[in-house]
Amino acid sequence: MKTNIEIIQSNQIKPEQLNKAATILQSGGLVAFPTETVYGLGGNALDDLAAKKIYKAKGRPSDNPLIIHIADGAALDELAREVPKKAKKLTEAFWPGPLTIILKKDKRVPDGTTGGLDTVAIRMPNHRVALALIEQSGIYIAAPSANTSGRPSPTRAEHVIEDLDGKIEMIIDGGPVGIGLESTIVDLTEEVPIILRPGSITKTMLEEVIGKVEMDPAILQKNIEEDIAPKAPGMKYKHYAPKGELIIVEGAIEKVISFINERIAVLSNNGIKVGVITTDETRDKYKADIIKSLGKRTDEQAIAKILYNILREFDKLQVEVIYSECFYSNELGYAIMNRLLKAAGYQVIQV
Ligand code: TXA
Ligand code: MG
């Protein structure tokens with residue numbers, strides 16, 4: 001299949017281009033498009049066949065449900081059989097924006113879209129191209145991140161092209177995304193809402209609007225299938241991973257630096273290409289082949305925005321082993337560490 005690549009910027013959406021994309025979606029095809037979090041791979045959410053195509057293009061297991069993207073809050077009543085008060089409050093506070101809510105699904109949502117679950121994930125993206133595409137096509141758009149399953153999520157159209165060129169009808173290039181990590185997912189089907197995936201809408205922000213919210217314990221721990229299986233099926237897979245082996249080193253920063261430098265010396269002697277993920281404050285202290293800084297340690301938003309791009313750059317440079325510093329904090333740092341831990345397959349060395 002030839003993939004048509006269209007550049008559509010938020011500040012100059014041309015109706016003919018948008019029409020082409022909308023027509024593809026209406027006829028059951030797939031279009032990758034920018035959102036404020038990461039690029040999504042869109043198909044008609046109420047078409048079982050389109051969902052199947054999405055799984056195939058991504059190489060994704062079909063028990064991993066898709067998020068439905070909407071442009072109008074009224075859609076909630078059509079997609080969910082119950083819309084609790086807390087859902088109304090959250091959507092008023094954070095939509096359009098990087099928050100996905102899980103509700104009990106209406107029967108019109110096909111099993112293909114929800115991976116057979118009785119619940120449905122819904123979000124209204126805060127991106128003019130995404131919203132215009134949903135409106136123009138007149139459908140609800142199911143969209144997982146537009147990467148090959150297991151790879152880092154795409155934050156630029158080039159990443160989507162790397163993974164999906166030739167496999168889908170169209171890629172809309174809207175430039176680099178604003179946030180760089182996927183939306184926060186909160187399950188509202190339980191008495192106390194639970195965060196299933198941390199994102200830039202933090203626990204504190206949610207609690208300000210609806211009171212007590214819990215965190216799925218699987219978020220920062222290795223999930224031992226029976227013990228703490230994550231409630232978002234997608235969170236159980238190895239994810240976001242670079243091709244090289246990624247190892248996180250945790251401890252006092254001086255110790256982290258000397259440990260990593262010792263490892264670099266040993267591995268380089270054996271002809272292994274080593275990389276380091278660090279920050280501006282400490283980047284000059286390493287002696288690796290390839291050193292990538294995520295920016296200032298205190299600027300979590302910048303770190304979130306660049307993380308996936310840097311993981312993909314290591315792939316291009318064919319780095320075989322990557323050591324990373326830690327980025328824990330209560331808020332956005334949670335989302336960053338959640339992705340980094342998964343990318344590392346939970347390999348953490350304490351020093
Ligand atoms: O920011 C985002 O959310 C991006 C953009 C494109 O909107 N989308 C995204 O989709 O990250 P995806 O498919 O890569 O991740 C969706 C996550 C998966 O972990 C999936 O298991 C979970 O949402 N999920 C979807 N429906 C669910 C449901 N009914 N119950 C629990 N988890 C669900
Ligand atoms: Mg994904």
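Tyr 346 sits in the loop that runs between helix 11 (332-343) and strand 16 (348-350), and in this predicted model its phi is near 65 degrees, a positive value in a residue other than glycine. A second residue with a positive phi is Gln 318, where the angle is near 55 degrees and the residue is again not a glycine. Gln 318 belongs to the loop between helix 10 and strand 15 (321-324), and with a relative accessibility of 61% it counts as exposed, because the threshold for that class is over 50%. Most residues other than glycine have a negative phi, and most peptide bonds are trans. Against the second part of that background one may set the peptide bond from Trp 95 to Pro 96, which is cis, with omega near -10 degrees; Pro 96 lies in the loop between helix 4 (85-94) and strand 5.

From these backbone details one can step back to the whole chain. The protein contains 11 helices and 16 strands. Its radius of gyration is 20 Å, close to the 20 Å that the globule rule gives for 351 residues, so the protein is as compact as a globular protein of that length. Taken along the principal axes, the box filled by the C-alpha atoms is roughly 60 × 50 × 35 Å. Of the 351 residues, 56% count as buried, and the accessible surface comes to about 14,800 Å², of which 50% belongs to carbon and sulfur atoms. When contacts are restricted to residues at least 6 apart in sequence, 69% of them join residues at least 24 apart.

Individual residues show how such contacts are made. Phe 314 is part of helix 10 (residues 300-316), and its relative accessibility of 0% places it among the buried residues, since buried means under 20%. Leaving aside neighbours within four places in sequence, Phe 314 is in contact with Gly 275, Val 276, Ile 277, Ile 290, Lys 292, Val 319 and Ile 322. As a marker of distance across the model, Phe 314 and Ser 27 are 287 residues apart in sequence and 38 Å apart in space, C-alpha to C-alpha.

Asp 187, a residue of strand 9, is also buried, with a relative accessibility of 6%. Once residues up to four places away in sequence are set aside, Asp 187 touches Ile 102, Pro 193, Ile 194 and Leu 196, while its C-alpha atom is separated by 27 Å from that of Ala 57, which is 130 residues away along the chain. His 127 offers a buried example from a loop: it is placed between strand 6 and helix 6 (128-137), and its relative accessible area of 12% makes it buried. Not counting residues up to four places away in sequence, His 127 touches Ser 10, Pro 34, Thr 35 and Glu 36. Lys 107, in the loop between strand 5 (99-104) and helix 5 (111-114), is by contrast exposed, at 80% relative accessibility. The C-alpha atoms of Lys 107 and Ala 50 are separated by 17 Å, with their positions 57 residues apart along the chain.

The open and enclosed spaces complete the picture. The largest pocket has a volume of about 640 Å³, and of the 41 residues that line it, the closest to its centre are Arg 60, Asn 64, Pro 65, Ile 67 and Ile 185. Strand 4 (67-69), strand 6 (119-123), strand 9 (184-187) and strand 10 (194-197) each supply at least two residues of this lining, and the largest share, four residues, comes from strand 6. Divided by class, the lining of the pocket has 19 nonpolar, 15 polar and seven charged residues.

As for enclosed space, the structure holds one cavity of 30 Å³ or more, and about 50 Å³ lies in the largest cavity. The residues lining that cavity are Thr 184, Ile 195, Pro 198, Gly 199, Ile 201, Thr 202, Lys 203, Met 215, Asn 330, Glu 331, Tyr 334 and Ala 335, and they divide into six nonpolar, four polar and two charged.

Notes: Residues numbered from 1 in each chain as written. Chains lettered and ligands numbered in written order. Predicted model: local features only at pLDDT ≥ 70, side-chain atom pairs only at ≥ 80, totals over all residues. Heavy atoms only, no water. 1 Å grid on protein atoms, 1.4 Å probe; cavity = no way out; pocket = protein on both sides within 12 Å on 5 of 7 lines; lining within 4 Å. Points joined across faces, edges and corners; volume = space filled by probe spheres on them. Nonpolar A, V, L, I, M, F, W, Y, C, P; charged D, E, K, R; others polar. Rg over C-alpha atoms; globule rule 2.2 N^0.38 Å. Buried < 20%, exposed > 50% of the residue type's maximum accessible area, 1.4 Å probe, protein only. Contact = heavy atoms within 4.5 Å. Areas by Shrake-Rupley, 256 points an atom, 1.4 Å probe, with all protein chains shown as cover.
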